[in-house]
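Student: I should like a close look at the aromatic side chains of this model. Please treat them in one connected account.

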Amino acid sequence: MSRTEGARLFREAWIAGVRRHFPGEPKPGYVTPWEETPEWERAAAGAVYEQVRQFLEVSEGHAGRLTREQKGRFVATCWTAQMYRHFEDPKPGYVAGWPDLPGWQQETDADIFEAIEKDVS
């Protein structure tokens with residue numbers, strides 16, 4: 001899968017997770033379709049897709065044995081690194097630690113890992 005295709009898979013998993021886990025009506029930016037997603041966000045999504053794919057590869061698939069929380073934390077950490085890459089002074093919500101993320105976002109991050117895991121297996 002190309003990085004662009006991986007980025008799209010990431011974005012689609014994010015949107016599906018937000019729709020599944022967000023309490024109430026999500027902000028429009030949370031569910032912006034791929035075609036309207038800013039370039040920096042597409043690049044970040046592609047990079048995180050690649051990080052998860054490589055993590056699964058170097059563990060010979062055994063990273064799939066992680067708990068949902070561990071999977072979500074991995075995605076969140078990779079995303080945070082991308083926010084520092086793309087923004088000199090990112091918004092605090094972009095770089096919040098795992099305990100500070102809302103439950104819906106933690107669940108969505110775990111869903112993203114599992115979507116990538118399913119895609120590469």
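Tutor: The account below begins with the aromatic pairs and then turns to a buried arginine and to one helix.

The model is predicted, so local features need pLDDT of at least 70 and side-chain atom pairs count only at pLDDT 80 or more, while totals for chains, interfaces and linings use all residues. Residues are numbered from 1 along each chain as its sequence is written, and side-chain values use heavy atoms, with hydrogens and water left out.

A pair of aromatic rings is described by the distance of the centres and the angle of the planes. Rings of Phe, Tyr and Trp (its six-membered ring) pair if their centres lie within 6.5 Å; planes under 30 degrees apart count as stacked, over 60 as edge-to-face and the rest as tilted. The structure holds 13 such aromatic pairs. In one of them, the ring centres of Phe-22 and Trp-104 are 4.9 Å apart and the planes stand at 70°, so this pair is edge-to-face. Because Phe-22 lies in the loop between helix H1 (3-21) and helix H2 (39-58) and Trp-104 in helix H4 (residues 103-120), the pair ties together parts that are 82 residues apart in sequence. Helices here are DSSP runs (H or I, at least four residues), numbered from the N terminus.

Trp-104 also pairs with Tyr-30: their centres are 5.2 Å apart and their planes at 45°, so the pair is tilted. Tyr-30 is in the loop between H1 and H2, and this pair too links distant parts of the chain, 74 residues apart. Trp-104 is buried, with a relative accessible area of 11%, whereas Tyr-30 is partly exposed at 23%; buried means under 20% relative accessible area, exposed over 50%, and partly exposed in between (1.4 Å probe, protein chains only).

Arg-11, in helix H1, is buried at 5% relative accessibility. A polar atom of the Arg-11 side chain lies 3.2 Å from the backbone oxygen of Gly-29. Leaving aside neighbours within four places in sequence, Arg-11 is in contact (heavy atoms within 4.5 Å) with residues including Gly-29, Tyr-30 and Trp-34.

Phe-10, Trp-40, Trp-79, Phe-87 and Tyr-94 form one aromatic cluster. Trp-79 is among the buried residues of H3, as are Val-75 and Met-83. The buried residues of H3 pack against H1, H2 and H4.

Technical notes:
Helix = DSSP H or I, 4+ residues; strand = E, 2+ residues; numbered from the N terminus. Polar contact = N/O pair within 3.5 Å; in protein donor to acceptor, adjacent residues only side chain to side chain.
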